[in-house]
Amino acid sequence: MKRLIPTLKGDKVELELLMLVRTILAGCKEIAFRVSQGALGDVLGSTLDENIQGEQQKKLDVIANQLLKSMLLSDENVRSIASEEEDSVVPGAADGRFIVAFDPLDGSSNIDINGQIGTIFTVFAARPELAADDPEQFKQTGRKQLAAGYVLYGPSTMLMLNTGGATRCFTLDRTHGGFLLTNEAVSIPKQTAEFSINMANSRFWFEPTTKYIAELLQGEVGPRNKRFNMRWNAAMVGDIHRVLSRGGIFLYPKDNRDADKPAKLRLLYEAMPMAMLIEGAGGSAYAESSAILDIEPDSLHQRVPVIMGSADEVAHAVSFY
Ligand code: AFP
C-alpha cells in the first residue's frame, strides 16, 4: 500500500504541519473538481475585477482563492495567509504556528483552453512577535520554508511536495480521494537538451539572456555542440512539472517591457516554493546570480527573474549574468 502524504517517520514533519498540508490539499481537491467541470461548472471566463497585480481576474482565480482562504482561515494552526489574489496579509488564528502563501491558480491564461494550471503553496513558521496581519511575517528566506508544493490540475491531478527532505510526487486517486505516493525521491538529470522560455519576449531581453539563448538556438553547429528543443506551457506549474519529471531549464528573465516591472514571476508564492522543490530534486534555482532560496523578500508581491532546472545547465546559464 503506497503511503499517503509524508508520514512522521524520517520526515521530522510535525503532526500539525501534516494536518495543515492536508487542509491545503482538501482545498486543492475541490479546485481539481471545479476545474474538471470546465464549461459545465460555470468556472470559465473572466470577472470584471482586477487583482493587485493589475491583472483581470478569471472566475476560477476568485473561486480557488476563496476556497483556500476559507479553509486556511478555519485552521487553528494558521496565523496569516498571503495570496496572489489578496492585496495584503489576511490574519488568521491569533496563536497559529504557521503562515501560508499561495498562488491559488497559476496559469490562469490556460483555464479557457483546458491547458495545464495549478495551485502553488508554501508554509513558514509564524513569527509570534509580529501581528498576524504584519507583512513582515513573510520576510523570511526560502531556506526557512517548512513545506512547499504544488497541485497540478492536468490529465491526472498530481501533488509535488517537499517538507525538508527529498521532493516527492503523489497522484490523486479519484476513487478513494487520497494523494498516493508515486515517486518518493524525484531526481532531475544534471544535463538537459530542453529549454523553456517565452521567445516572444526576445526583443525585450537584456544581453545575458540574448547571448545564452542564442547559443542554444545554434544547436550542434554552435558552441554547445548539441541540438536543443523548446517547450513553453505558459503556466510555471506545468513547465516546472516537466523539468522535475525529465529535466530541462526554465527561464523567465528580466526584460525591458516595463521599467516598473522588469521581472514577472513572484518570489514568495511562485519562485520560492518551486526552488525548494527543484533543489530537493538535485536541481538549481537562481534569480540571475543569486540562489532564489537565499533571497529575503522585501514585499509580499515582489517579482524576481527565474532560472531553474538541471543543475549543470543552470550553472552554465547563470555564468552569463
Ligand atoms: P497567469 O497566471 O497570469 O497566466 O501567469 C502565469 C505565469 O505567472 C507563470 O505561471 C507562467 O510561467 C508565466 O506567467 C507566463 O507568462 P507569459 O504569459 O508572459 O508567457
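## Two pockets in a predicted model

Let's start with the character of the largest pocket: its lining is made up of twelve charged, eight nonpolar and seven polar residues. Please keep in mind that the model is a predicted one.

The largest pocket holds about 490 Å³ of space. Its lining counts 27 residues, and Gly107, Ser108, Ser109, Ala234 and Lys264 are the closest to the pocket centre. Five elements each contribute two or more residues to this lining: strand 2 (56–58), strand 5 (98–106), helix 4 (236–246), strand 13 (249–252) and strand 14 (265–266). Among the elements, strand 5 gives the most, with three residues. Both domains take part as well, since at least three lining residues come from domain 1 (2–183) and at least three from domain 2 (194–318).

Now for the second largest pocket, which has a volume of about 300 Å³. Here 19 residues form the lining, with Val35, Ser36, Asn114, Gly115 and Tyr153 the closest to the centre. Which element supplies the largest share of this lining? That is helix 1 (residues 15–37), with four residues. By class, the lining of the second largest pocket comprises nine nonpolar, eight polar and two charged residues.

Here are the class counts for both linings:

| Pocket | Nonpolar | Polar | Charged |
|---|---|---|---|
| Largest pocket | eight residues | seven residues | twelve residues |
| Second largest pocket | nine residues | eight residues | two residues |

Methods:
Residues numbered from 1 in each chain as written. Predicted model: local features only at pLDDT ≥ 70, side-chain atom pairs only at ≥ 80, totals over all residues. Heavy atoms only, no water. 1 Å grid on protein atoms, 1.4 Å probe; cavity = no way out; pocket = protein on both sides within 12 Å on 5 of 7 lines; lining within 4 Å. Points joined across faces, edges and corners; volume = space filled by probe spheres on them. Nonpolar A, V, L, I, M, F, W, Y, C, P; charged D, E, K, R; others polar. Domains from an automatic or database assignment.
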